[in-house]
Amino acid sequence: MKKIAAGIMLTSIVLTAVLIGTLSTKTVEKAEHGRVFTAAQKF
Amino acid sequence: MNVGTSEQITQKLERWHTALRTNRLLESEKIHKEIIDELQQIQNPTTQLYYQLLNSRYLILKRDFSAAHATLDTLTGTHLNRTDAFGYYINLITGILLTSEGEYEVAEARFIRAYELLNHITDETIKADFYHKASMLYYHIRQPLTALNYANEALRILSGIEGYELVRSGCENILGLASLSLKQYGKAEEHFLSALDLAKQESKNYTTLIKYNIGFLYAEQTLSALAIRYLLEVNEEEEPYFKTHFLLSREFYRINDIEKAKAFYNKGIEITNDEYKHHFGILKALNTDMNEDELESIFREAIDYFKQHELHGFAEDYAGELAQYFYNKEDYKKASQYFNKAYEAKRALQKKEALK
């Protein structure tokens, strides 16, 4: 049980670190030529 | 969301929320009609706010971005700085809308705020929705490792939960794209095939989008014949789309089928956006008999555009290609000038990575 809790906490710490890191990012990049599921697709 | 609203309406709103989160457009439309009929009964301001938030997400799903903006604009002044579940939803939904419109910098700020409020959410599948949407943003802003983290987190939560196959497919699709950004071609293919399997069970529409990415994967490895096979199939299945036309034109030029390359170029340039005008321009410059000054001018305009829009990856690619062109012509002065531009663009990208 403790192991699972520690695992969740670690994931949370890693994700927080990633977000805090990107918070200071001033520049942005657009995608390469790939496509994601953004909204209803037109077919 | 437990916000203390009338039971019957709340249940419908929850069903609507689930349909929206799982990208089920037809089901979302059906539930929306049911809710519209009972809309006048919604007197409670909290329920009205919840309806407005879900409605803005519904409009995004329908690609009616201006209506989604109009709805969100009426809410942001009062509710954007809230520190509760509603604050989470308004930041997340605004972030999703801005990502869809390519306004990535502001979108990221909204996602960060939503993340800070994520502790107000108890339903794990709603958290997975956040991770999935965040992974899309980070793929777009070319941070593939962050995109991988979030997509994996969403998949971990949704693993084995029925009804979320399409979201899992979307996550596998992001894992494929992020792997492709990292040039992990084998991994990318595995993820795209998993995405395809999951989407097939749910919705045929999304399989077209994944097939496009598989075509893109092969194009990136210069496996042109395979890429063309997939992309032509995609082109048959969807409305004309400039990205598909761009890749098809590029791959037909690669195999020296000039007639077909020109046909896809001509159609593509008619339907393109500002960014792709430059991709198309360079494609033409590289494949037609163009004098050196004209070619250099097209490349320089494109490199300036990408630099100005913080698209350092493309600036690096194209400055490198132009440098190679001048090197082959033994114009070493210009070659070194453009190699330096490519190096500067690479440094700009690395600087971003170092901030993480």
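Which residue's side-chain oxygen reaches to within 3.3 Å of the backbone nitrogen of B:Glu275 at the start of helix 15 of chain B? Select B:Asn273 and you have the answer. We'll come back to that helix at the end of the tour.

**Before you click**

This is a predicted model, where local features need pLDDT of at least 70, side-chain atom pairs count only at pLDDT 80 or more, and totals for chains, interfaces and linings use all residues. Residues are numbered from 1 along each chain as its sequence is written, chains are lettered from A and ligands numbered from 1 in the order in which they are written, and side-chain values use heavy atoms, with hydrogens and water left out.

**Stop 1: the two chains**

Color by chain. Chain A has one helix and zero strands, where helices (H or I, at least four residues) and strands (E, at least two) are DSSP runs numbered from the N terminus. Of its 43 residues, 44% are buried; buried means under 20% relative accessible area, exposed over 50%, and partly exposed in between (1.4 Å probe, protein chains only). Chain A has an accessible surface of about 2500 Å², with 73% of that belonging to carbon and sulfur atoms. These areas come from the Shrake-Rupley method with a 1.4 Å probe, and for residues only the protein chains shown count as cover.

Now chain B: 18 helices, zero strands. It has 356 residues, and 54% of them are buried. Its exposed surface is about 16200 Å², 47% of it supplied by carbon and sulfur atoms. Among the chain B contacts (heavy atoms within 4.5 Å) with a separation of 6 or more, 57% join residues 24 or more positions apart.

**Stop 2: helix 1 of chain B**

Select residues 7-21 of chain B. The expected span of a helix is 1.5 Å times one less than its number of residues, so the 15 residues here should cover 21 Å, and the end C-alpha atoms are indeed 21 Å apart. Show side chains for the buried residues, among them B:Leu13, B:Trp16, B:His17 and B:Leu20. Their cover includes helix 2 (25-37), helix 3 (45-61), helix 5 (85-100), helix 7 (124-140) and helix 9 of chain B. Just past the helix, click B:Asn23, which takes a positive phi of about 60°.

**Stop 3: helix 3 and a buried pair**

Pick B:Ile60 in helix 3 of chain B. This residue counts as buried, at 3% relative accessibility. Draw a distance to B:Ser100, 40 residues apart along the chain: the C-alpha atoms are separated by 8.3 Å.

Stay in the area for B:Asp129 and B:Arg57, whose side chains meet in a salt bridge (2.8 Å, N to O). B:Asp129 lies in helix 7 and B:Arg57 in helix 3 of chain B, so the pair ties together parts that are 72 residues apart in sequence. A salt bridge here is a side-chain nitrogen of Lys or Arg within 4 Å of a carboxyl oxygen of Asp or Glu. B:Asp129 is buried at 4% relative accessibility, and B:Arg57 is buried at 6%.

**Stop 4: more salt bridges**

The whole structure holds 21 salt bridges over all chains. Try B:Arg82 with B:Asp84, at 2.7 Å, N to O. B:Arg82 is partly exposed at 25% relative accessibility, as is B:Asp84 at 24%.

Next, select B:Glu220, B:Arg250, B:Glu251 and B:Arg254, which are linked in a network of salt bridges. Within that selection, the closest N and O atoms of B:Glu251 and B:Arg250 are 3.3 Å apart. B:Glu251 is buried with a relative accessible area of 0%, and B:Arg250 is buried with 14%.

**Stop 5: an acid without a salt bridge**

Go to B:Glu172 in helix 9 (residues 165-181) of chain B. What is its nearest side chain of opposite charge? That is B:Arg168, 6.7 Å away, and buried B:Glu172 has no salt bridge. For charge, Lys and Arg count as positive and Asp and Glu as negative; His and the chain ends are not counted.

Look at B:His191 instead: its side chain makes a polar contact with that of B:Glu172 (2.7 Å). A polar contact is a pair of N or O atoms within 3.5 Å; within protein, one must be able to donate a hydrogen and the other to accept it, and residues adjacent in sequence count only if both atoms are side-chain atoms. Leaving aside neighbours within four places in sequence, B:Glu172 is also in contact with residues including B:Leu155, B:Ser194 and B:Leu198.

**Stop 6: back to helix 15**

Select residues 274-287 of chain B: 14 residues with an expected span of 20 Å, and end C-alpha atoms 21 Å apart, which agrees. Buried residues here include B:Tyr276, B:Phe280 and B:Leu283. Turn on helix 13 (242-254), helix 14 (258-271), helix 16 (292-308) and helix 17 (312-328) of chain B to see some of what covers the buried residues.
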